[in-house]
Amino acid sequence: MLFAIRDDDVNFFTQPHELEFAYDNVWGIVPPTFSIISHVKGNWNYWAQEISKFKKEIDWNAWRLDDKVYPFGDNKLLVSFLNEKLSQQKLDVSFHAIHHRNEDPKLPADRANNYVQGAEFFTSRNLSQPLRDAIVYVENNIRRKISVFTPPQNLMSMQGYRAVVDYRLSIVGSGIPFWKKELNTQGLLNIGRIMLFKISHINEDYPFVLHFKNHSEVVHHYPLHPTTRVVDLVENFKHVHEMGGDFVLSTHYHEFNTPLSYDSGGTMKDVFTTFMEYVFKQPGVVFCTLTEMCSLGYKKNR
């Protein structure tokens, strides 16, 4: 089976020591894929703490007014760190967001969580050109091509989905029903694969990457938050492992030092460490990046 780590929200405010703290025990074994916000708006560190602390009791008007843009590349220390680790093949990068804010004239309802109000790509606007410009900007800083996109809040409208797919980016999580995606031969085959799987695995997630005409998609990924228990991650892993599927652990580096919601004596890093110690002991696990996992040729050549 293939195993990858998706870590969202790396941006201008990210410091290398935060990434080192999160992954110091896995560098060189499993290369995490950091999904980048190219031009985050507002003071990310401040609002991440506020929203985590106060949940829905947030001064969203103050949040909206804090709209200064902070380009990812202006953090030279972070860019240098990522490029060094990239050269050592200890990590990979994907694209997560432009501003990590939905700027539609009318925000989608009930989409206020995960450090924002409204998911950026759950949009009524055409983000094709802004997306392309943002990715080229990140690529110029990290000196390599980006081929994978992870949607903020794992939510996309068809308008946002088309902007990503038209740029031939593979997707890890989308929230788009499969019967609304590509209805060409490959798309119909994928619908058939999922339907056949569900006949015999009604309550289980489809555990394989799906390949479309010009991109690939990881259907399900498994979150690690301060509310996540090791036993639940292990159970999900076992299901995927038994079927020889593809497992993506989805998380956020800036929460690793956060106390667990069910055990104030432990942190999310403790859950990560315990789970990874379990995974390292399992046979037949191939650790890879999201870029590799989404590549049809990579899996065929294993």
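Okay, let me start with one term: a residue is buried here if its relative accessible area is under 20%. With that in hand, look at strand 2, where five of the five residues are buried, so the strand is mostly covered. And before I go on, please remember that this is a predicted model.

So, strand 2. It covers residues 33-37, and its side chains split between two directions. Thr-33, Ser-35 and Ile-37 point one way, while Phe-34 and Ile-36 point the other way. Both groups are buried.

Who are the neighbours of strand 2? One is strand 1, residues 2-10, which runs parallel to strand 2 and is joined to it by four bridges. If you want a pair to click on, take Asp-7, whose bridge partner in strand 2 is Phe-34. Strand 5 also runs parallel to strand 2, this time with five bridges. Here the pair to pick is Ile-37 with Ala-97 in strand 5.

Now stay with strand 5 for a moment. How many of the six residues of strand 5 are buried? Six of the six, for residues 92-97, so the strand is largely enclosed by the rest of the structure.

My favourite residue in there is Ser-94, which belongs to strand 5. Its relative accessible area is 0%, and the cut-off for buried is under 20%, so Ser-94 is buried. In sequence, Ser-94 and Ser-35 are 59 residues apart, yet their C-alpha atoms are 4.5 Å apart in space. The two side chains also make a polar contact, at 2.9 Å. Leaving out residues up to four places away in sequence, Ser-94 touches Thr-33, Phe-34, Ser-35 and Ile-36, and also Ile-146, Val-148 and Thr-150.

Next, two charged side chains that are buried. Take Lys-269, which sits in helix 9, residues 268-280. Is Lys-269 buried or exposed? Its relative accessible area is 9%, so Lys-269 counts as buried. What does its side chain reach? A polar atom of the Lys-269 side chain lies 2.5 Å from the backbone oxygen of Phe-21. Beyond residues up to four places away in sequence, Lys-269 touches Phe-21, Ala-22, Asp-24, Asn-25 and Phe-256.

The other one is Asp-246, in strand 11, residues 246-251. Asp-246 is buried too, with a relative accessible area of 4%. Its side chain reaches the backbone nitrogen of Val-209 at 2.9 Å.

Okay, on to empty space. Rolling a probe the size of a water molecule over the atoms shows where such space is left. I'll talk about the second largest pocket, which has a volume of about 240 Å³. Which residues are closest to its centre? Of the 13 lining residues, those are Gln-89, Leu-91, Arg-144, Thr-289 and Glu-292. Strand 5 comes back here: strand 5 and helix 10, residues 290-293, are the elements that give two or more residues to the lining. By class, the lining has five nonpolar, four polar and four charged residues.

Gln-89 from that list deserves a second look. It is found in the loop between helix 4, residues 76-87, and strand 5. At 65% relative accessibility, Gln-89 counts as exposed, because the cut-off for exposed is over 50%. For the backbone people, the phi of Gln-89 is near 60 degrees, a positive value in a residue other than glycine.

Where else do we get a positive phi? Arg-143 has a phi near 60 degrees, and Arg-143 is again a residue other than glycine. Arg-143 lies in the loop between helix 5, residues 128-142, and strand 6, residues 148-149. Its relative accessibility is 63%, so Arg-143 counts as exposed. And one distance to go with that: Arg-143 and Asp-133 are ten residues apart in sequence and 15 Å apart in space, C-alpha to C-alpha.

To wrap up, if you open the model, I'd begin with Ser-94 and Ser-35, whose side chains make that polar contact at 2.9 Å. Then go along strand 5 to the second largest pocket, since strand 5 is among the elements that give two or more residues to its lining. That's me done, thanks.

Key. Residues are numbered from 1 along each chain as its sequence is written. This is a predicted model: local features need pLDDT of at least 70, side-chain atom pairs count only at pLDDT 80 or more; totals for chains, interfaces and linings use all residues. Side-chain values use heavy atoms; hydrogens and water are left out. Buried means under 20% relative accessible area, exposed over 50%, partly exposed in between (1.4 Å probe, protein chains only). Two strands pair if DSSP finds at least two bridges between them. A polar contact is a pair of N or O atoms within 3.5 Å; within protein, one must be able to donate a hydrogen and the other to accept it, and residues adjacent in sequence count only if both atoms are side-chain atoms. Contact means heavy atoms within 4.5 Å. On a 1 Å grid over the protein atoms alone, a cavity is a set of points where a 1.4 Å probe fits but cannot get out, and a pocket is an open set with protein on both sides within 12 Å along at least five of seven lines; lining residues have an atom within 4 Å of a point. Grid points are joined across faces, edges and corners, and a volume is the space filled by probe spheres set on the points. Ala, Val, Leu, Ile, Met, Phe, Trp, Tyr, Cys and Pro count as nonpolar, Asp, Glu, Lys and Arg as charged, and the others, Gly among them, as polar.
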